[in-house]
Amino acid sequence: MAAPKVAVVGAGLIGLSTALCIVETCPSCSVAVLSDQFSPNTTSNVAAGMLIPHTYPGTAIHVQKQWFKETFTYLFAISNSAEASESGIHLVSGWQIFKNTPKEESPFWSDVVLGFRPMSKAELQKFPQHQFGQAFTTLKCDCPPYLLWLEKRLKAAGVQMYTRKVSDLWELHSEYDVVVNCAGIGAHHLVGDEKLLPIRGQVVEVHAPWVKNFIRDGDGSTYIYPGIHRVTLGGTREKENWSLSPDPDTTKDILDRCCSLEPSLQGAQYVKAKVGLRPSRQSVRLNREVLSQGGVKLLVVHNYGHGAGGFSVHRGTAKEAARLVGECIAALRGSSSRAKL
Ligand code: FAD
């Protein structure tokens, strides 16, 4: 069989990281990324990029933990290499704070991040409205540089990037052996997945270089995430809202909430507000599917629906998607050698 041809649909974080894992695990494959938008025009460019997992109710916790651990280990190695600055990946320490002590004082990911511990009474004095908190060090991806870094690695490995809107996965069947669907919220229309819905998120970027520690209200509604050049302030979670325009009243509300947690932000310089649609589902769709039309088959791997936690688990899900692509290729090789007999 000639070099198997793989198309990855989508050039957000999930498409780019999945394409990279496919290249790494199947060097004989010819991989192309097809997408209607590239960085900086994806949801992934809007994200704060903090490695603090979101919980997917429909996925076993041990699987989510494995995805997070693989992602953390991969990015930790990058943060500890000469690539750290270009890739935008860095360690950041801070606090997750709660008005009431949560039922589970240690989340499932507490032994993956570094130095996880309850906050001391002295630390909690910084947050007089909160009675419990967790201190730890995690990783943050500054999203635009990380996406460009992934694109650069793909181009160096010979992956072709095409600007193309795919209306139906079937349109790719005569050109590619395997199609990998990483279309994020675009999968709602592309494969008619009605379980996949947007959760709109607005964030505000400010210049406040004195803010060095992250602060996250335990329910995730308000957060302050310092990056390399800017601080990301959030946020909102608006179910089934498809609007991509920033709302000035929401910007003011985010600034007010963040200033009440970190009063020094009153002196921050506003840079911009950004909006993204989290591709939300009960569980990430990560599976193989064989589509069939009039006796013709198309092998598909789905990897979408990462909701509020794509950065936290992307490498783990990309590795699994690449493994599923490997299974598809083994099946194709099996059928082509049987055909020769
Ligand atoms: P996208 O980035 O949307 O990429 C989808 C790609 O598919 C795009 O390139 C698009 O053009 C392409 N596409 C879609 N349909 C088609 C089609 N028909 N044909 C061709 N191409 C198509 N996660 C964290 O882990 N930590 C955080 O701190 C964090 N903060 C966030 C803050 C906000 C405000 C938001 C909105 C999200 C945040 N997230 C965070 C979640 C994270 O951003 C997402 O889980 C992740 O970006 C999803 O990536 P994706 O590649 O699936 O989607």
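1. A residue is called buried when its relative accessible area is under 20%, exposed when it is over 50%, and partly exposed in between. By that cut-off R285, at 18% relative accessibility, counts as buried, whereas its salt-bridge partner E289 is partly exposed, with a relative accessible area of 28%. The closest N and O atoms of the pair E289 and R285 are 3.4 Å apart. The coordinates discussed here, and in every point below, belong to a predicted model.

2. On the overall fold, the secondary structure of the protein chain comes to eight helices and 15 strands. The radius of gyration is 21 Å, close to the 20 Å that the globule rule gives for 341 residues, so the chain is as compact as a globular protein of that length. Along the principal axes, the C-alpha atoms fill a box of roughly 75 × 40 × 40 Å. Of the 341 residues in the chain, 55% are buried, and of the contacts between residues at least 6 apart in sequence, 76% join residues at least 24 apart. The chain exposes about 15,500 Å², and carbon and sulfur atoms supply 52% of that area.

3. Two annotated spans deserve a comment, both taken from an unreviewed UniProt entry. The record lists residues 5-324 as "domain: FAD dependent oxidoreductase"; over this span the model is 27% helix and 31% strand, and the end C-alpha atoms are 15 Å apart. The record also gives the annotation "signal peptide" to residues 1-19, a span that in the model is 37% helix and 26% strand, with its end C-alpha atoms 21 Å apart.

4. The "binding site" feature, again from the unreviewed UniProt entry, is placed at Y223 and R278. Y223 is found in strand β10 and, at 9% relative accessibility, counts as buried. R278 has its place in strand β13, which runs over residues 269-280, and is likewise buried, with a relative accessible area of 14%. Setting aside residues up to four places away in sequence, Y223 touches R278 itself as well as A48, V203, I215, R216, T232, L233, G234, G235 and C258. With the same exclusion, the residues that R278 touches include T43, I185, L197, P198, I199, R200 and G201, and also T236, R237, G307 and A308.

5. Side chains of opposite charge can pair when their charged atoms come close. The structure holds 21 salt bridges, and one of them joins the side chains of R230 and E205 at 3.0 Å, N to O. R230 lies in the loop between β10 (223-226) and β11 (231-234), while E205 lies in strand β8 (residues 197-207), so the pair ties together parts that are 25 residues apart in sequence. The two partners are covered unequally: R230 is partly exposed, with a relative accessible area of 35%, whereas E205 is buried, with a relative accessible area of 11%.

6. A further salt bridge is formed by the side chains of R323 and E327, at 2.7 Å from N to O. These residues are four apart in helix α8 (residues 310-340), and are therefore separated by about one helical turn. R323 is partly exposed, with a relative accessible area of 42%, and E327 is partly exposed as well, with a relative accessible area of 29%. The pair also belongs to a network of salt bridges that links R288, E320, R323 and E327.

7. Turning to the surface, F76, L91 and L114 make a nonpolar patch of about 220 Å². F76 lies in helix α2, which spans residues 61-79, and at 31% relative accessibility it counts as partly exposed.

8. Finally, S93 is found in strand β3, residues 89-98, and counts as partly exposed at 30% relative accessibility. Apart from its neighbours within four places in sequence, S93 is in contact with F136, T137, K212, N213 and F214. The C-alpha atoms of S93 and K239, two residues 146 apart along the chain, are separated by 30 Å.

Technical notes. Residues are numbered from 1 along each chain as its sequence is written. This is a predicted model: local features need pLDDT of at least 70, side-chain atom pairs count only at pLDDT 80 or more; totals for chains, interfaces and linings use all residues. Side-chain values use heavy atoms; hydrogens and water are left out. Patches are made of residues with over 30% relative accessible area and no salt bridge: like charges are joined within 9 Å, nonpolar side chains (Val, Leu, Ile, Met, Phe, Trp, Tyr) within 5 Å. Accessible areas come from the Shrake-Rupley method with a 1.4 Å probe; for residues, only the protein chains shown count as cover. A salt bridge is a side-chain nitrogen of Lys or Arg within 4 Å of a carboxyl oxygen of Asp or Glu. Helices (H or I, at least four residues) and strands (E, at least two) are DSSP runs, numbered from the N terminus. Buried means under 20% relative accessible area, exposed over 50%, partly exposed in between (1.4 Å probe, protein chains only). The radius of gyration is taken over C-alpha atoms; the globule rule is 2.2 Å times the number of residues to the power 0.38. Contact means heavy atoms within 4.5 Å. UniProt positions are given in the numbering used here, feature names are shortened, and annotations may be inferred rather than shown by experiment.
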